[in-house]
Every structure is written in C-alpha cells, then in structure tokens.
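Here are a few exercises to work through with the model open beside you. Try each task before you read its solution.

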Amino acid sequence: MALDFAKGITEFRWHGRGGQGVITSNQMLGKAALAEGNYIQAFPEFGPERTGAPVRAFLRISKKPIQVYAQVYKPDVVVCIDPTLLDVVNPAEGLKEDGILVLNTDKSPEEMRKKFNFMGGKVVTVDASTIAMDIMGRPFYNMPTMAAAVMATGTVKIETVINEVIERYPGKVGQLNKAAMERAIEEAQTG
Amino acid sequence: MSEKYNEIPMAGNIIEPGNATKYKTGGWRAQRPIHTDETCLWVKNGTCGLCWIYCPDNSVKLIEKDGKYIYEFDLEYCKGCGICANQCPTDSIRMENE
Amino acid sequence: MTAVKRIPKDQIAIEGLTGDAAIAHALKQCDLDVLAAYPITPQTIIVEDYQKFAANGEVHCRVIPVESEHSAMSACIGASAVGARVATASASAGLALMWEILYCAASMRMPIIFTVANRALSGPINIHNDWSDTYGARDSGFIQIYTQSCQEAYDTTIMAFKIAEDHKVLLPIMVCIDGFILSHNVERVEMLPTKAVENFLGVREPFIKLDPDNPITMGPLALTDYYFEFKEQQERAMEAVPEVFAQVETDFEKMTGRRYGMFEEYRTDDAEIIIFTHSTPGGTAKATVDVLREKGEKVGVLRLRMFRPFPTKEIVEVVKNAKAVIVFEKCRSFGAPSNPLALELRTALYDLEKRPMVVDFVIGLGGRDCPPTTIVEGYEKTKEYLKKGKAPLYETMGVRK
C-alpha cells in the first residue's frame, strides 16, 4: 500500500544544468511562497556543482511546518529548464498521476506527452530559450521557465515571484527578467 | 598533594604567579657547580653573564655591590644540570660530585 | 541583563535562510569578539556569510582566517582565555584536524561555540552528511546538541553561548546541523531583533582570564598527582549542564515561545514502539509516524537533541514501557558490538528489570538519502523481531549487499 508522506505539501522537482540557475530559481520560488506565509524547504540535490552537469533541486511548500528531510520522489510539479536535458533524463519519472510537467522546449505539449508517455495531469511547454535570447540576449532561461511553472501551478502568485526577482536583481537585470517572465506566461502552451 | 578536585583551581590554572619558588629543586642535585673568581669575566669586569642567561632555574646570582662584582649560586634551586659549566667561555665553572 | 520579555510579532523578521545562513545570522547577533575558522564544505556559508557581515562593518568582531583547523581552534582558545566571546565552524576532515585542540578547549574550560555541519569522514572522500565526525568527538568534553531545522539551529546557537558561559558549566559546545540536508536547505526562520539577543546573552563575564596586570598560567602540566582531579572537575561541569540548559531554555521561551528540551517527545505517550534518532532523520521520523498512526500503529518518536551530556535518566523514563526502541543512526563504529547512539541507549536501559528491545539501524552513511520509506522498513523489521523475540545487535539499512 502506498503511503502518502507529503500530505498538505506541494512538492517540486527541478532539472537543469549547473550554472543555469536551477538552485537560484528554486530558492526564489521558495522565498516567494514564504512571503505568502507558507513554510518551505528549498534545497539542491547535493553535490559538488559543476557547470554543465545535470543538476536537480527540490522545493516543498506547505501551510504547516515541514518535517520530512529527504529528496522528493513523487513530485506534484516537475520543471525542466534545459531543453537539451529532455533527451538525457525523463522528467516525468515519479511525477504524480495528476502532476504538472513544465518544460522549456519549442515543441508542443502533445509531443512532450508522447515523448515521456505522460497522459495525466497537465503539460506546459514554453520556448524560454528563445524568449531569453530575444529579451536579454543571453541564455538566462530559468526565470521565464519558472514563470510558466508559477502560472501552471498557481501555488504562488506571479506578482510575488516577480517581486522576489526584482528584489534580488535590482535595476535593469530585474526588469528584463520581469519582461521575459511576462512573455513566457503569454506564450506558454498547456495541453 | 592531598587536595580534592574541588579544592584546586579550575582546569589546572596557576592563579598565583611565581609559585614555582615553593618547589625547591636543589634536592635533585647529583653534582654541584664550583665557581672560580680568577678567570670569571663577570667578577673581572661585570660582563659575559652567559651562565646567568642559560640557567634554567634562575640559580645564578650576579651581584653588584659597592663597585664590586660578586658571583653566587642559589643552591636551593640549582638542580646541578651543568649548563652553566658548559656555557662558560673561560672554564670558570666545573661540576663536582655532591 | 534586564528581564527577558516576549518579543512582539512586528519586531520579528521572517526570512528564508539555509541552515548555514541561519547560524551565521545567529552568530552575527551574538556579539562575538573573535571568530577563527578555516573553510570546509558544507559549513562554508557560515563563515562566508559572517565574513561578509564583518567586511560590511555589521559586526565588531575580529575574524581570523587561519591556515588550518588546528590553528582555528587554537586561536579560539587563546581568544577565549582573555575573556572574549568566541565561535568557530567546521566539519568532517576539518573537525578531525582540530582533534588535539578539541580536548584542550574542553579541559581548559573555554566556552567556545563550535557550529558543525555534520559530514562523513574520508575515505573515499565524501562531502555529504553522516554523523561520524562529531560522534568521533563525543568523548572530547564538548557539549553536543543536534538540531533538526534551520529555526532550531538559529535558536540553539544563540542559547549555546548562555549555556557555555555559565560559571557552573564553562564548557565548549558543538551545535550540529546535518550537512547539505539542512546546511543548504532554505527554510522559514523567525529572527529576533539583535537588541533582544544582546539583552538575552549579556556580555560574557569570564570566570578567570589572562590579564597582564594579574598574571596567571593556563594549560600547565598536571601528571599523576593532579590530572585525575581535573578530569573530575570536567565531569562535574557536565553534570551541571541539564539544570543550566533548562534555565536558559526557560528564558528563551519567555522571549520567543519556543522550547526544545534535551530531547523532543512526539506521540510517545501510548507508543509501543519508539523511534530514537536525531537531527533531520528525527523530522522525517515524525512525518512517518503521523502516517503510521493513521493506519493504527502505536508508534512515536524520541528525537534526541543533547547527545553530551546524555540525558540517561530522562530517556529511560520515556521509553521504559515501550516494547521496542528503534535506533536510526548515521555512523558505524567499526568492530563495535553496535553503534554510538544504540550503545548509549542500551547502557541506559541495562539496569531495568524489564527492558524494551533495542533495534539498531545504521543508515545514510556518506549522505545516502533517508526517506520515510527507510523509517517504515525499519519499523516493519522491528515488528518481526518483536514477534521472534530477538533482534540483531545492529544492522545496516540502505546499503547494497
């Protein structure tokens, strides 16, 4: 019998590569949830971080204090911010039946459903790489991907997340990220 | 040496400076230093003092009195280690069995 | 120090902090005079953050970036000897390099706060969590407190100074968090206003100090004639810890409403099986127990906080009527009949006429993840052992064999 050890907790798993801001965006989403009065745990899959190596990060959000200290095995939400990883890892692994899969890709949700054989929940795709290059001119696609995830899950308000981003990156960088996040929300496809 | 744990200072701290004077090491001596005034540079003109510098027990007493230089050992603390005899550049100190 | 008052909500800052950052912020508020440390993963952020505070002029503290951990603890002792409030941080190999000086710090009765992000020891080299480093130092004379959450790490670091500096105690304290699992985990932390922390701790009043105007000698030689008596003094100081600890917690509770105890009891009242562990597995065990209770299992958790001094009598009171106690510990004492935590518990229970069965599981060495399923597996095994009436002295769980 499967036991639910995460009752009342929304669990995220992030995939990306070292240097792409997986840990940062995970922490920012966590801090936004915190700002809305939640308890959180935001932690990377621990290891010596190496630029370019696949990395994972985990986030728990709950109205009550969180007692479990372990990796997330059955996430409610999986976010993959690097399109090249989609041929390396299976982001849908362990994802709950009614879970949400958020991917940075130029492909459609339908294609991704087929690719990962995930027929439940929701699949959201967003071409965050193009958005980042268009707006920031550099491959900072973690924030637009996160924006799509925030929109898809509704766990945290997008305004709170944008506030966190602007606070962390005051000035132009924050504003560009904000623009990229807003465009990502507009362009994200759900299917 | 019969004090209990709560009758001695915490952590072995020595809270009375210079209390090593209570421990008379003169009793350890197997050989005692014998000093010769004739060749000693301190007695001659108040110089040298290597024995005084090297003595580990502060047992060499270099005394200046009425314009004269006087040499003494403090045998209450001298352990008879012989460092003074070894250091003396004019061989004015020799060690003799007690 | 003026009387401790409850801090109003609007003066409490809520932040998302990692375990390391929570400790760094606590140290920032504790008005340190000296911090001497050498960087090592996973405690790095503690000193990194604190160095930032120092560089920004937010603290009036001399930070000494020493060339090794051996020197770090030595510098701490020197600073503590002149009456300074002192802290350091390390883990694993760094803690091992401090080894000789750990004993000096404790025996010289220096109230140094040593924050540790528990990490496995080499080899093979490994940066992840287990408890081998501080368990190894269990006999060094340090008080050891293990914490579960970032909030608890923050609170405990602050309280540690008040416990260590009490003249009835005067012992150094290790405040431990699980490396990476907590040290790099952002959680919600309620931070006190600095003024409140300063008021709570006051300025350190040294029992005795090095002072050129009143010369004394610290750390001299003591041989067969006196050494044993100084060890007796150390033991008596350890015995004084629970009372001082309780008093400090009472004051802290008045200020914050939070109290942790020498251990936490969770749903133990009618428990037939009690899980005994500490640090983050203590949290995981509580979450697991909630689920098992829903299935009707009579199970609870005793989450230890203070490993030294070990609260022997109090623990016996909690577990004596249980059928079994399951120990989960992240350390193997090679060649020993069982492992550090279970050894303590078995010794504590030995004199009882009717003892609960003690089942010892070694888990999570080198940072291997310990999810709730690990706890459930141990629980199911224990039920089988109870049926059989016999359990092995210890077993490893989660290793491929």
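**Exercise 1: a sheet in chain C**

Strand β13 (residues 324-329) of chain C and strand β14 (residues 357-362) of chain C run parallel and are joined by six bridges. Strands are DSSP runs (E, at least two residues), helices are DSSP runs too (H or I, at least four), and both are numbered from the N terminus. Two strands pair if DSSP finds at least two bridges between them. This is a predicted model, in which local features need pLDDT of at least 70, side-chain atom pairs count only at pLDDT 80 or more, and totals for chains, interfaces and linings use all residues. Residues are numbered from 1 along each chain as its sequence is written, with chains lettered from A and ligands numbered from 1 in the order in which they are written.

Task: find the bridge partner of Ala324(C), then place the strands in their sheet and add the helices that pack on it.

Solution.
1. Ala324(C) has Met357(C) in β14(C) as its bridge partner.
2. The open sheet has six strands in the order β9-β11-β10-β13-β14-β15 (chain C), with mixed pairing.
3. At the edges, β9 (263-266) and β15 (395-396) of chain C each pair on one side only.
4. Helix α12 (residues 312-319) of chain C packs on the sheet and touches β9, β10 (273-278), β11 (299-304) and β13 of chain C; its direction makes about 175 degrees with that of β11(C).
5. Helix α13 (residues 340-349) of chain C also packs on the sheet, touching β10, β13 and β14 of chain C, and its direction makes about 155 degrees with that of β13(C). Here axes are lines fitted to C-alpha atoms, for helices over the stretch in contact, and angles run from 0 to 180 degrees between N-to-C directions. Residues are in contact if their C-beta atoms, placed from the backbone, lie within 7 Å.

**Exercise 2: chain A meets chain C**

Task: say which element gives the most to the side of chain A that touches chain C.

Solution.
1. Count first: the contact takes 21 residues from chain A and 23 residues from chain C.
2. On the chain A side, α1 (22-35) and β2 (39-44) are the elements that give two or more residues.
3. β2(A) gives the most, with six residues.
4. β2(A) also pairs with strand β8 (residues 186-191) of chain C in the antiparallel sense, over two bridges.
5. In that pairing, Gln41(A) stands opposite Glu187(C).

Key
Contact = placed C-beta atoms within 7 Å.
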